[in-house]
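Colleague: I should be grateful for a close look at a single part of this model, written so that a first-year student can follow it. Please take one strand and its partners, and then the surroundings to which they lead.

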Amino acid sequence: MDSLPEHCVSAILALTSPEDACRLAPASSTFRSAARSDVVWGGFLPPDCGAVLSRLARRPEFGSKKELFLSLCQPQLIDSGRKSFKLERSSGKISYVLSARELSIAWSDEPMYWNWKSAPDSRFEEVAELRTTDWLEIEGRMPTAMLSPNTLYEAYLIMKISHRAYGLDVMPSQVSIELKNQVVSKSTAILHRSHRDGIHKQRPGIFGTNGAAGGEEWKVPIGRQDGWMEVELGEFFNGGGGGGDDHREVVKMSFKEVKGYQLKGGLVIEGIEVRPKRIA
């Protein structure tokens, strides 16, 4: 393998993934040298990397394309701190978190219903805490051109349930994903008071006995490593790269409970995360 020119090896490695390039580096001294080159790691960076860097709240310091790639694998505040951007370390795929301020939340501008506050464990300056409402509707939108093409994505609502919460476990919520004004994913979610501790306790008197409504599996909040919780909104395939109207396509992600007319409060919203789905 050492007989191959380094530029040929670099061109080959650039067609793989960051994980594969690191695995192949020990194969030979040529591979090892090529796996450190800007040719390889420049290919793993987003095509519009320059535009991404101009939107960062704080530009990272780097001496090589590999160092830049590794910096962008850490969450970076972007667009005046209203979003968080990250590259997946193993694949180079793009992830985003839309802050609560980037979401459309019904009545969020009314202090009687929602409270905007800082949270020490949030990456963003503000989170939204529900005081009281009988109409819970949260929606996030983003152009699919911001995401990696030909990638299966998942969307999650990042949230917490405060100790003063009430009414959140009375009625299930509807979660959905829309592309091109068509629903591509739709399900039911339930927020239980016990999820403050990451424990799901079934309430058979209200919803049945098997954790599902009509045979449908509910989405329930699960703990995250950052101390928050997340509930899945659904998944979608981002084709992209096709030109034409692809650059204008928008994905719409929704979490709604608008049928029960039950007062509820204590839900804290950090944002919506859109990330590549990990295939087991």
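Modeller: In this predicted model, glutamate 129 stands opposite valine 268, a residue of strand E16. Glutamate 129 brings us to strand E6 (residues 127–130), which runs antiparallel to E16 and is joined to it by 2 bridges. Valine 268 is also the bridge partner of lysine 160. That second pairing concerns strand E8 (residues 151–166), which is antiparallel to E16 and linked to it by 10 bridges. A further partner is strand E3 (residues 94–99), which pairs with E16 in the antiparallel sense over 4 bridges. Within that pairing, leucine 98 has isoleucine 272 of E16 as its bridge partner. E16 itself spans residues 265–276 and is mostly covered, with 12 of its 12 residues buried.

Two charged side chains continue the picture. Lysine 160, already met as the bridge partner of valine 268, has its charged end over the ring of tryptophan 228, 4.7 Å from the centre of that ring. Arginine 275 lies over the face of tyrosine 156, and the distance to the ring centre is 4.0 Å.

Tyrosine 156 and isoleucine 272 both appear among the contacts of leucine 233. Which strand holds leucine 233? Leucine 233 belongs to strand E14, residues 229–238. Why does leucine 233 count as buried? The reason is its relative accessibility of 1%, because buried means under 20%. Apart from residues up to four places away in sequence, leucine 233 touches several others, including Ala155, Leu157, Val175, Ile177, Met253 and Phe255. The C-alpha atoms of leucine 233 and alanine 189 are separated by 8.3 Å, although their positions lie 44 residues apart along the chain.

Alanine 189 is also one of the contacts of serine 173. Serine 173 is placed in strand E9, residues 173–179, and counts as buried at 5% relative accessibility. Its contacts beyond four places in sequence also include Ser187, Thr188 and Phe255. Phe255 thus appears in the contacts of serine 173 and in those of leucine 233.

The aromatic rings offer another view of these strands. The structure holds 6 aromatic pairs. Tryptophan 41 and phenylalanine 44 form one that is edge-to-face, with 5.2 Å from centre to centre and 85° between the planes. Both of these residues lie in helix H4, 3 residues apart, about one turn of the helix. Tryptophan 41 is buried at 2% relative accessibility, and phenylalanine 44 is buried at 7%. Another pair, tyrosine 153 with phenylalanine 236, is stacked, because the ring centres are 5.8 Å apart and the planes are at 15°. Since tyrosine 153 lies in strand E8 and phenylalanine 236 in strand E14, this pair ties together parts that are 83 residues apart in sequence. Tyrosine 153 and phenylalanine 236 are both buried.

Ring pairs also link Trp41, Phe44 and Phe69 into a cluster. Phe69 leads to helix H6 (residues 65–72), where Leu68, Phe69, Ser71 and Leu72 are buried. These buried residues are on the same side of H6, because they cover an arc of only 160° around the axis. They pack against elements that include helix H2 (18–24), helix H4 (38–44) and strand E1 (76–78).

Conventions. Residues are numbered from 1 along each chain as its sequence is written. This is a predicted model: local features need pLDDT of at least 70, side-chain atom pairs count only at pLDDT 80 or more; totals for chains, interfaces and linings use all residues. Side-chain values use heavy atoms; hydrogens and water are left out. Buried means under 20% relative accessible area, exposed over 50%, partly exposed in between (1.4 Å probe, protein chains only). Contact means heavy atoms within 4.5 Å. The arc is that of the directions from the helix axis to the C-beta atoms. Two strands pair if DSSP finds at least two bridges between them. Rings of Phe, Tyr and Trp (its six-membered ring) pair if their centres lie within 6.5 Å; planes under 30 degrees apart count as stacked, over 60 as edge-to-face and the rest as tilted. A charge sits over a ring if NZ of Lys or CZ of Arg is within 6 Å of the ring centre and within 35 degrees of the ring normal.
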